[in-house]
Amino acid sequence: MSISKKDVEHIAMLARLHLDEEEKEVYAKELSQILEHAAKISGLDTKDVSPTSHAIPIRNVMREDVITSSIPRDDALLNAPDKENDAFVVPKIV
Amino acid sequence: MQYESVIGLEIHVELLTESKMFCGCAVSFGEESNTLVCPVCLGHPGSLPVINQKAIEYTIRIGHALNCDIAEFTQFHRKNYFYPDMPKNYQISQYDLPLCLNGFVDLEIEGYTRRVGITRVHIEEDTGKLVHMGESGRIHGADYSLVDFNRAGTPLAEIVTEPDIRSPEEARVFLQKLKSILEHLEVSDCNMEEGSLRCDANVSIRKIGTMEFGVKAELKNMNSFKFLAKGLECEIKRQEEILEDGGTVIQETRHYDSVHNITSSLRSKEEAHDYRYFPEPDLVPLEPDSGWVENIRLNLPELPDARLNRFMDKYNLSRYDAAILTSSKSVGDFFEECAKDYQNTKTVANWIMGDFTAKLNSANLEIDECAVTPKHLIDLLKLIDNGTISGKIAKSIFDEVFETGKLPRVIVEEKGLTQISNEEEIIKIIDMVLEENASIVEDIRQGKDKAFGFLVGQVMKLTKGRANPALVNQILRDKLK
């Protein structure tokens, strides 16, 4: 398996996910399968293909530096699970 | 053991655009929390970023001014990290294909020149602001935190230097010069207190004569020129003590505490640098048009080095004076505004560099933030030149101008500070002083010339400093012959 249980634990920590032992085993297996699938591309001859990050050949999409209206604060805070003093509340960070 | 320090700086500068980097929300400091936000800068699903062309133009300007190559192909990446100052849980930044590369800045330090390489200048978005709620007010020990996303998405240029800096003083001079360049480019207001210019440093030490780098620490929270130098000194000392004791420095991020003048480790699990950069799929790459890039170069404003040379030529100033006057754009502008209406530029320079700067420093103001304008200073200098006031009175008038913003000639009139240049009036006062100090007069006639200054002082005291000093000296000399 290309992804070990330890890798899964590391990735879960970065994403702040709590996984139980059984889930770690399952994800190690599934993530390995995904990587193995993607690794098939290594079998192709890509000598004449330049690295590509976008499938469509469009460049230089920019906008003018013009202010457009922001949304009302009440709307901005509407989906916040918790708010205080017109700000989003987040749980203890460290 | 003799060590030398190896320092590289990372400077973040907020760009002076009207709107944010990837959406049309206004960029503004000090607004009410969460009023400059929209689905894009709040990271709502389905919203899409669009690049602000002005931010690209400003960064190309910076690149040109720092002698960089401007990339023909550049692209944005996602920097993934889990921290509540960014609503998306990633920051749009640049990774292996930054907009500007391979530049340099030459520093003039007393007696030598130092070339500091610029590794890269790239664009990213600023984060939101956190307020930590709890007794300490700091992140450690906080119960929870509040987030204001007004600043999230503000265009930010990150300037990274090579590890070419060899002392805290060189670091300070570099940052001063970089700030002046950015001010002259008019791409940022460079306000360190409000955080629109921020500086981090990578610092390590090595034995003099060795080429290998030591283990570095990343130092944060040096939000003024003074604290940059002091923070670095403090960290260098710490590393020297570790090595002298036979220990090893560990690579970590450290926080400079300016109150206690110490650095402390910020190491924690939260700090795992594993950003998993990948190309931002929501933004297509940029290939800046070569004509546009060249046009930006041709339209660069005058930069501090050129201005320094022009000041020396045009205003007949020493290199030292010209360097101080061009070390910030607003000071240079103030000087030039004065020079338009006043011939004796050396006098203007002396006033700006002397009393004026001292006043500004103690009030913690920039020259363009205080009550004194070029009009005030010229008015004052002309009052001295035409003999209305003495140089000494001028200093006290200047203090009052600084406090009140009144024109010097108005203050002179209101307080009756006009200089006494009427000979008869001065003779009357001198006679009084001579009469009261008969024994001293005798001493002087015996050759004790030192006491002469005392008599001048007495005349000045009686006239509250208003007597024309040259005239007092001359008449007193005549009388004592």
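**Entry 1. Salt bridges**

I looked up the salt bridges and found 43 over all chains of the structure, taking a salt bridge as a side-chain nitrogen of Lys or Arg within 4 Å of a carboxyl oxygen of Asp or Glu. One of these joins the side chains of B:Glu170 and B:Arg114, at 2.9 Å from N to O. That pair links distant parts of the chain, with B:Glu170 in helix H2 (residues 168-185) of chain B and B:Arg114 in strand S7 of chain B, 56 residues apart. Helices (H or I, at least four residues) and strands (E, at least two) are DSSP runs, numbered from the N terminus.

I note the basis of the entries here. This is a predicted model, in which local features need pLDDT of at least 70 and side-chain atom pairs count only at pLDDT 80 or more, while totals for chains, interfaces and linings use all residues. Residues are numbered from 1 along each chain as its sequence is written, chains are lettered from A and ligands numbered from 1 in the order in which they are written, and side-chain values use heavy atoms, with hydrogens and water left out.

**Entry 2. Chain B against chain A**

I then turned to the interface. Chain B brings 57 residues into contact with 34 residues of chain A, contact meaning heavy atoms within 4.5 Å. The area buried between the two chains is about 3900 Å², and carbon and sulfur atoms give 59% of that; buried area is the accessible area (1.4 Å probe) that two parts lose on being put together, summed over both.

I counted 2 salt bridges between chain B and chain A. B:Glu32 forms a salt bridge with A:Arg73, where the closest N and O atoms are 3.1 Å apart. The rule also finds 24 residue pairs in polar contact across this interface, both residues at pLDDT 80 or more. A polar contact is a pair of N or O atoms within 3.5 Å; within protein, one must be able to donate a hydrogen and the other to accept it, and residues adjacent in sequence count only if both atoms are side-chain atoms.

On the chain B side, the elements that give two or more residues are strand S2 (51-52), helix H1 (53-65), strand S8 (129-133) and strand S9 (144-148). S9(B) gives the most, with 4 residues. By class, I read 34 nonpolar, 12 polar and 11 charged residues on this side. Here Ala, Val, Leu, Ile, Met, Phe, Trp, Tyr, Cys and Pro count as nonpolar, Asp, Glu, Lys and Arg as charged, and the others, Gly among them, as polar.

Strand pairing also crosses between the chains: strand S1 (residues 62-63) of chain A pairs with S2(B) in the parallel sense over 2 bridges, where pairing requires that DSSP finds at least two bridges between two strands. A:Arg63 has B:Asn52 in S2(B) as its bridge partner.

**Entry 3. Sheets of chain B**

I traced an open sheet of 9 strands with mixed pairing, in the order S3-S6-S7-S10-S1-S11-S12-S13-S14. Strand S3 (69-70) and strand S14 (262-265) stand at its edges with a single partner strand each, so one side of each has no neighbour in the sheet. S6(B) and S7(B) pair in the antiparallel sense over 9 bridges, and in their hairpin, with 2 residues between the strands, B:Gly111 takes a positive phi near 90°. Strand S12 (residues 217-220) and strand S13 (residues 252-257) pair in the parallel sense over 4 bridges, with B:Ala217 opposite B:Glu252.

I also found an open sheet of 3 strands with antiparallel pairing, in the order S5-S4-S15. Strand S4 (residues 77-80) and S5(B) pair over 4 bridges, B:Lys79 having B:Gln91 as its bridge partner.

**Entry 4. Helices on the sheet**

I checked which strands H1(B) lies across: S3, strand S6 (100-109), strand S7 (112-125) and strand S10 (155-161), with H1(B) running at about 165° to S7(B). Axes are lines fitted to C-alpha atoms, for helices over the stretch in contact, and angles run from 0 to 180 degrees between N-to-C directions.
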